[in-house]
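User: Hi! I'm new to reading protein models, and I'd like to learn how to go through one feature at a time. Could you walk me through this one?

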Amino acid sequence: MSRILVVEDDPHILRVISLWLTRQGHQVCEARNGLAARELVQQQMPDILITDINMPGMDGLKLLEQLRNENRTPRGLVVLTNRWDHREIGESLANWGVHVVPKPFSPSKLAELIRQLDEQQCVKTSDGTGAGEVKTCEL
Amino acid sequence: MERADRVSQPQSDAQGPAPAASPATARRWGRVFPEPLGVGMAAVLLAGLIGAGAVAQRTLTQQGRLAQQTEGQAVTRVFAAALGHLVEHDDAAAATGFQQLCGYEPRLRAAEWLRPDGSVRCRWPEAAGGAAPAAGPAPGGGQAQFSAPVPKAGGGAAGTLRLTFHFGQPPLPGAALLRDCAVVGLVALLGFLALYRLLRRHLRPLDAIQRNLHSYASGLEREFVALSLSDSLGHIAQCWNHMIDQVQRLREQGVASPAPDPAGDALRRFESRMLLSLLDRLPLGLLRFGADQRVTYANAVAGRLLGRSAQELVGLPLSEVLDEDVRAPLVGAYSRATAAMSIDRKRGPEEQQTTLRFGLIPAPPSCPDCEALVTIEDVSHLQEADRARDNFLYHVTHELRTPLTNIQAYAETLTGPGFDDEQTRRECYNVIISETRRLSRLVEDILNVSQLEVGTARIEVGEVDLVRLLRQIVQDHLGAADEKQIDLTLKLAPKVPKIQGDKQRLSVLITNLVGNALKYTPNGGRVAVTLEVHERSLEIAVADNGIGIAPEDQPHVFEKFYRAASPEVQAIKGTGLGLAIAREVARLHGGDIRLESTPGQGSKFTVELPLPAGGG
C-alpha cells in the first residue's frame with residue numbers, strides 16, 4: 001500500500017477521495033492547499049500525490065513545479081482539475097508522467113488509477129503500519 | 001500597340017505634327033517662341049555688331065595718332081644727327097645744310113636751331129620770326145613740336161633742334177573695314193535665323209503637348225493629338241503617344257470620364273473631397289497599393305494606427321510600412337488574387353498591448369493590375385470582449401463542476417461496495433442534497449447576473465414595503481446568526497415610505513448582503529442592518545465587524561466571480577456572484593451600492609435607492 005497525499009480545497013471532494021483510498025488500504029494524508037502540501041512533502045515524501053489545480057494560496061501546478069525544482073517529486077502524480085483546458089494541461093504535463101483527471105470524476109475510477117500506479121511502481125508501505133488510515137495533516 | 005507602330009515610322013518634319021491636328025492647333029504650333037523675343041534677339045545681335053565697329057574705329061584712330069607722334073620724334077632725331085655731321089665737317093656750311101634739310105620734309109612748318117645758350121642760330125623758313133608754335137601734338141590733328149639735341153664730336157651738344165610739324169587727321173578705317181564688318185554681321189544674322197528656325201521646329205512637340213494638355217484639362221478637346229517622331233524629341237513623342245494610348249484604353253474600360261463637363265467635374269471634385277473626408281473618419285485604416293508594392297493612398301486612421309501621418313505613408317514601399325510577417329501574406333494573397341483575408345497582430349508593450357487586424361481587399365478579377373486595399377482595424381476591444389466571455393465561461397464551468405463532482409462522487413459512493421455503514425450513507429445523502437442546492441442556487445445566480453447585465457431580466461414592479469421586507473429577511477437569517485453567535489440587529493427609521501420596485505429582486509439584494517455579512521464575520525461578531533430615510537433617497541446599510549476587505553480588492557468586489565485571494569476568504573465557500581447581482585439590482589432601481597471596509601475591522605455595504613420627488 002502507498003502513502004498518498006491528497007491536496008484539495010473542497011472538503012467534500014477531499015473527504016470522498018480519502019474514503020475510497022483508505023478503503024483500498026492506502027495511508028492518506030490531506031492538505032487544503034499547495035503551501036500546506038509542500039510542507040507535508042518536506043516532512044515525509046509521499047508515494048503518490050493527488051492534487052487539485054485551482055486552490056487558494058499555492059495552486060497545484062505551482063506546487064508540482066516547486067517540488068520538481070526541489071527534486072522532491074513523488075513517484076506517482078495525479079492532477080484533478082475542473083478547468084476546461086484540462087487536455088492542454090495534460091499535454092503540457094505529459095513529460096512529467098502526470099495523470100490529469102478532469103472533474104467531475106468517478107471515485108472508483110480514480111481508485112483504480114491509484115491501484116495501477118501502486119502496482120506499476122511497486123510502491124509498498126514497508127511495514128504496513130498506518131495502512132487504511134486517514135491522516136489529516138492540518139497546517 | 002497600334003499607336004506605337006505608327007510612331008515608330010518617322011514622318012517628315014515639314015508635314016507638321018500630325019494629320020490629326022486641326023488648323024487652329026497647327027497655327028498655334030507656329031508660335032513656339034513669341035515673335036518679339038526673336039526680334040529682340042536680332043536687335044541685340046545688330047547692336048553688338050555696331051558697337052564692335054565703333055570700338056574698332058576709335059582704337060584705329062588712337063593708333064594713327066601715336067604713329068604720327070613717333071614719326072615726328074624720329075624725323076627730329078635724324079635731322080639733329082645730320083646737323084651734327086655737318087657741324088663736324090664744316091661748321092660754316094651747316095646753316096645751309098639746315099635750310100636744305102628742312103626743305104625736304106613737306107609736313108614741316110617751322111624749324112629752329114638753338115645754340116646751347118638758347119639763342120637762335122638758324123631758323124627755317126628764314127623769313128619766319130616770332131614765337132615758336134605750342135609744344136606737342138595739337139588735339140584733333142594740326143601742329144606738333146619735337147626737340148632733339150644736335151650732337152657734337154668729342155661729346156657735348158652743338159645746340160638743340162626744334163621742329164614744328166603739321167599732321168593731318170589720322171587716316172580713318174577704310175570702307176574695306178566697314179564692308180568686312182557688314183559681311184560678318186550679315187552672316188551671323190543669317191546663322192541666327194537658321195538656328196532659330198531649327199529650334200522652332202524641334203520644340204514644336206513640346207508646345208503641342210502643353211497646349212493639348214491645357215485644352216484637355218479645360219474640357220475643350222476630348223482627344224489628345226499624336227505626335228510625329230522627330231530626330232531630337234523622338235523619345236518624348238514616343239512617351240506621349242504611349243500615354244495617350246493608355247488614356248484611350250482607360251476610356252474604353254469606362255474609367256475615364258467621357259464627356260467634357262466642367263460642372264460635372266466640379267461636382268466630382270467635391271464628391272472626391274467628401275469621399276476622402278469620409279474615409280478619414282472611418283474607424284478603419286485604409287492603405288492602397290499597386291503592383292510595385294508602394295502605398296498610393298492612406299487614410300488618417302491608417303496613419304494613426306501605424307504611428308505615422310497619412311501623408312508620410314504615401315509613396316513608401318509596403319516593406320517600410322508593415323511588418324514582414326504581415327506584409328508577406330498580404331502581398332502573397334494580392335499576387336494570387338485570392339479572396340479577402342485577415343491577420344491579427346499584437347503591438348506595443350504588454351500592459352498597453354493593442355491588437356491590429358490587417359485585411360486585404362484584392363483587386364477585382366476584371367482588373368488584375370488594379371490596386372488592392374489593405375484594411376487595418378484595432379480589434380483590441382473585440383479581444384477584450386472575447387477575454388471577458390472566456391473568463392465568464394471559465395468561472396461558470398469551474399463553479400458548476402465542483403458541486404457536480406461532489407454529487408457524482410457521493411452518489412457513486414452510496415451505491416459502491418464497502419460503504420454500507422449508516423454513518424457513511426447519511427453523510428453521502430447530506431452532501432448530495434446540499435450540493436444539489438448549491439448547484440441550483442449557482443445556476444439561478446448565473447442566470448440572474450447575466451440577465452441583469454444585458455438588461456433582459458424580467459422586472460415585476462410593484463409597491464414594496466421595505467420595512468416588512470427587511471424584517472422578514474433578518475428573521476430568516478436569525479438561525480444562521482445564532483449558529484455563529486452573531487448579534488444580528490435591525491434598526492429602522494420611524495417613518496419609511498413605500499417604494500416602487502421589484503420585491504423579489506430587492507429581497508435577493510438584501511439577502512446577499514446579510515448572507516455575506518454572516519459568512520465573513522467570525523463567531524461572536526455583530527451584523528447590523530439599518531434603514532434610513534433621507535430627503536430624496538432611502539439607504540439600507542448592512543454593517544459587520546468581520547474580516548473586512550483589503551483596499552486592493554475593494555474596487556473589484558462587485559465584479560462577477562471576483563473573490564479576494566486571501567486565505568481567509570478562500571476558506572469560505574462562495575462564487576463571487578452575490579455582490580455582482582446586488583449591484584445590478586440596485587442600479588436597476590435607479591440607485592447604487594457602495595462599500596466602506598477596513599481589513600480586520602469589518603465592512604459596511606450601503607444601498608441607496610432613490611425616492612420619487614416629494615416622496616420623502
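User: Let me start with a single pair: which residue in E13(B) does B:Leu488 stand opposite?

Analyst: B:Leu488 stands opposite B:Val527. Before going on, a word on the ground rules: this is a predicted model, where local features need pLDDT of at least 70, side-chain atom pairs count only at pLDDT 80 or more, and totals for chains, interfaces and linings use all residues. Residues are numbered from 1 along each chain as its sequence is written, while chains are lettered from A and ligands numbered from 1 in the order in which they are written.

User: What counts as a strand or a pair, and how many bridges join E11(B) to E13(B)?

Analyst: Strands (E, at least two residues) and helices (H or I, at least four) are DSSP runs, numbered from the N terminus. Two strands pair if DSSP finds at least two bridges between them. Here six bridges join E11(B) to E13(B), residues 526–533, and the two run parallel.

User: What is the strand order of the sheet they belong to?

Analyst: It's an open sheet of five strands in chain B, ordered E11-E13-E14-E16-E15, with mixed pairing. At its edges you'll find E11(B), 487–492, and E15(B), 592–598, each pairing on one side only. The twist averages 10 degrees from one strand to the next; for such angles, axes are lines fitted to C-alpha atoms (for helices over the stretch in contact), and the angles run from 0 to 180 degrees between N-to-C directions.

User: Which strands does helix H14 of chain B touch?

Analyst: First, contact: two residues are in contact if their C-beta atoms, placed from the backbone, lie within 7 Å. H14(B), residues 466–483, packs on the sheet and touches E11, E13 and E14 (537–544) of chain B, and its direction makes about 170 degrees with that of E11(B). H17(B), residues 578–588, also packs on the sheet, touching E15 and E16 (602–610) of chain B, at about 140 degrees to the direction of E15(B).

User: Chain B has an antiparallel sheet too; what is its strand order?

Analyst: That open sheet of five strands runs E6-E5-E9-E8-E7 in chain B. E6(B), 295–298, and E7(B), 341–347, each have a single partner strand, so one side of each is left without a neighbour in the sheet. Zoom in on E5(B), residues 285–289, and E9(B), residues 372–378: they pair in the antiparallel sense over five bridges. Across that pair, B:Leu286 stands opposite B:Thr375.

User: Now chain A. In what order do its helices and strands come?

Analyst: From the N terminus on, the pattern is β-α-β-α-β-α-β-α-β-α-β, which comes to five helices and six strands. Of the 139 residues in chain A, 45% are buried. Buried means 20 or more other C-beta atoms within 10 Å of the residue's own, exposed means 12 or fewer, and partly exposed is in between, with C-beta atoms placed from the backbone. E2(A), residues 27–31, is mostly covered: five of its five residues are buried. A:Gln27, A:Cys29 and A:Ala31 point one way from the strand, and A:Val28 and A:Glu30 the other way. E2(A) runs parallel to E1(A), with five bridges joining them, and A:Val6 stands opposite A:Glu30.

User: How do I read a helix, and which residues of H5(A) are buried?

Analyst: An α-helix has 3.6 residues a turn, so residues three or four places apart point the same way. In H5(A), the buried ones are A:Pro107, A:Leu110, A:Ile114, A:Leu117 and A:Asp118. Seen down the axis, they fall within an arc of 100 degrees, so they line one face of the helix; the arc is that of the directions from the helix axis to the C-beta atoms. The face turned away carries the exposed residues A:Lys109, A:Gln116, A:Glu119 and A:Gln120. Among the elements covering the buried residues are H1 (11–23) of chain A and H12 (380–415) of chain B.

User: How many residues of each chain are in contact with the other?

Analyst: 18 residues of chain A are in contact with 20 residues of chain B. On the chain A side, H1 and H5 are the elements that give two or more residues, and the largest share, five residues, comes from H1(A).
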